[in-house]
Amino acid sequence: METLRKAEQGPALKGLTLRANELKFSAMEMGEGPEVVFCLHGFPDHARSFREQMPVLAEAGYRVIVPTLRGYEPSSRPRARNYHLASLAEDVLGWMDQLGVRKVHLVGHDWGALIGFAVTAMAPERFHSLATLAVPYTPDAMSGLLTDREQLRNSWYSLFFQLRGVSDAVVRWNDFQFIEKLWRDWSPGWQWPAEEMEALKRTFRQPGVARAALGYYRDFYRFYSPANWRTQKLLFKPVLVPTLALTGARDGCVGTHLFDRVKPESFPKGLRTERIQGAGHFLHQEKPAEVNRLLVEWLGQHRG
């Protein structure tokens with residue numbers, strides 16, 4: 001990981017094992033500050049997603065922890081294949097309990113942002129701040145998600161993933177060319193580092209990872225499940241943690257215009273929205289300098 005190798009001259013990169021809900025998660029850690037920042041990745045992605053943020057946040061005085069989310073490795077794959085957001089949120093609280101950390105900052109991209117909304121609704125008193133990337137507060141944006149023609153076209157993949165077996169095979173076809181298609185569509189014009197795509201495919205080549213990743217979408221649409229009801233209750237609560245919302249102006253996955261539908265009253269503790277020009281869905285990888293500047297500024301304003 002070239003970016004993190006360069007950082008060895010400063011804060012050291014370490015491996016960390018996290019445990020929660022009888023599962024074991026690998027994580028990367030950097031920095032030794034008194035306050036912890038958890039960074040949660042999305043799909044199709046993995047912990048290396050935050051390779052550009054870790055050294056900068058560590059240099060700013062934070063202990064940065066980037067976990068590999070549930071199902072993205074064999075040791076964190078639940079037997080019941082439970083990938084409901086409520087359970088993913090409980091993973092975060094379990095990690096905090098294991099580390100003996102009462103309160104943290106949370107940064108989440110894509111599914112990591114949704115987990116952020118869920119876990120801060122579950123236990124708002126345990127978070128200094130929340131920063132979400134690429135996904136708006138769902139209840140306020142719901143009308144656009146359901147009726148906006150552009151967004152309906154963009155969201156085709158989430159319905160396609162409900163075709164069990166068929167979508168699994170398509171995602172795996174030709175060494176996960178489907179992942180490259182999503183990255184091209186979601187971040188148009190971005191020339192990602194070839195070594196990062198190869199690293200991401202290595203993650204997805206592990207047995208069961210692709211199926212687990214699609215399980216996030218399948219459980220989210222399993223409306224008859226009591227676990228899903230728990231999730232929906234969490235997502236429809238106001239956000240009681242100061243929140244920074246970042247969106248890429250060229251996002252081909254979640255239209256940036258949906259952020260304009262979010263109501264300030266849904267964020268009693270404050271909401272700041274920033275649109276990153278020239279960036280798509282993977283904005284923190286495409287425009288790391290700008291995103292890092294905003295994150296350091298935001299975290300500094302909400303130190304414990």
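In which loop is P44 found? In this predicted model, P44 belongs to the loop between β3 (35-40) and α2 (54-59), and the peptide bond that leads from F43 to P44 is cis, with omega near -15 degrees. Most residues other than glycine have a negative phi, and most peptide bonds are trans. Two aspartates depart from the first of these tendencies, since D110 has a positive phi of about 60 degrees although it is not a glycine, and D175, likewise not a glycine, has a positive phi of about 55 degrees. The setting of each aspartate can be given in turn: D110 is placed in the loop between β5 (104-109) and α4 and counts as buried at 5% relative accessibility, whereas D175 is found in helix α8 (residues 166-186) and is partly exposed, with a relative accessible area of 34%.

D110 also takes part in a side-chain pairing with a histidine. The side chains of H281 and D110 make a polar contact at 2.7 Å. H281 has its place in the loop between β8 (271-276) and α12 (283-286), and this histidine is buried, with a relative accessible area of 0%. When neighbours within four places in sequence are left aside, the residues in contact with H281 are H109, D110, A134, W186, S187, D251, C253, V254 and E286.

Helix α11 (residues 226-235) was examined next, beginning with the exposure of its residues. The buried residues of α11 are N228, T231, L234 and L235; seen down the axis of the helix, these residues fall within an arc of 115 degrees, so they line one face of α11. An α-helix has 3.6 residues a turn, so residues three or four places apart point the same way. On the other side of α11, P226 and K233 are exposed. At the start of the helix, a side-chain oxygen of S225 reaches to within 3.2 Å of the backbone nitrogen of A227.

Two helices pack against α11. The axes of helix α4 (residues 111-122) and α11 come within 8 Å and cross at roughly 85 degrees, which makes α4 roughly perpendicular to α11. From α4, the residues L114, F117, A118, A121 and M122 enter this contact, and from α11 the residues R230, L234 and L235. By class, the residues of the contact of α4 with α11 divide into 7 nonpolar, no polar and 1 charged.

Helix α3 (residues 85-99) packs with α11 at an angle of about 70 degrees, the two axes being 7 Å apart, and α3 is therefore roughly perpendicular to α11. Here L85, A86 and E90 in α3 meet A227, R230, T231, L234 and L235 in α11. The residues of this contact of α3 with α11 divide into 5 nonpolar, 1 polar and 2 charged. R230, L234 and L235 of α11 are thus listed in the contact with α4 and are listed again in the contact with α3.

Helix α3 also contains S87, a residue that is buried, with a relative accessible area of 7%. The side chain of S87 makes a polar contact with the side chain of N82, at 2.7 Å. Not counting residues up to four places away in sequence, S87 touches N21, R70 and N82.

Two further residues, V291 and G10, were considered together with their separations from other parts of the chain. V291 is found in helix α13 (residues 288-301) and is buried, with a relative accessible area of 0%. Apart from neighbours within four places in sequence, V291 is in contact with Q53, L133, L246, I276, L283 and H284. V291 and Y217 are 74 residues apart in sequence, and their C-alpha atoms are 27 Å apart in space. G10, by contrast, is found in the loop between α1 (2-6) and β1 (13-20) and is partly exposed, with a relative accessible area of 37%. Between G10 and P188 the separation is 178 residues in sequence and 33 Å in space, C-alpha to C-alpha.

Conventions: Residues are numbered from 1 along each chain as its sequence is written. This is a predicted model: local features need pLDDT of at least 70, side-chain atom pairs count only at pLDDT 80 or more; totals for chains, interfaces and linings use all residues. Side-chain values use heavy atoms; hydrogens and water are left out. Buried means under 20% relative accessible area, exposed over 50%, partly exposed in between (1.4 Å probe, protein chains only). Helices (H or I, at least four residues) and strands (E, at least two) are DSSP runs, numbered from the N terminus. The arc is that of the directions from the helix axis to the C-beta atoms. A polar contact is a pair of N or O atoms within 3.5 Å; within protein, one must be able to donate a hydrogen and the other to accept it, and residues adjacent in sequence count only if both atoms are side-chain atoms. Axes are lines fitted to C-alpha atoms, for helices over the stretch in contact, and angles run from 0 to 180 degrees between N-to-C directions. Angles under 35 degrees count as roughly parallel, over 145 as roughly antiparallel, 65 to 115 as roughly perpendicular and the rest as oblique. Contact means heavy atoms within 4.5 Å. Ala, Val, Leu, Ile, Met, Phe, Trp, Tyr, Cys and Pro count as nonpolar, Asp, Glu, Lys and Arg as charged, and the others, Gly among them, as polar.
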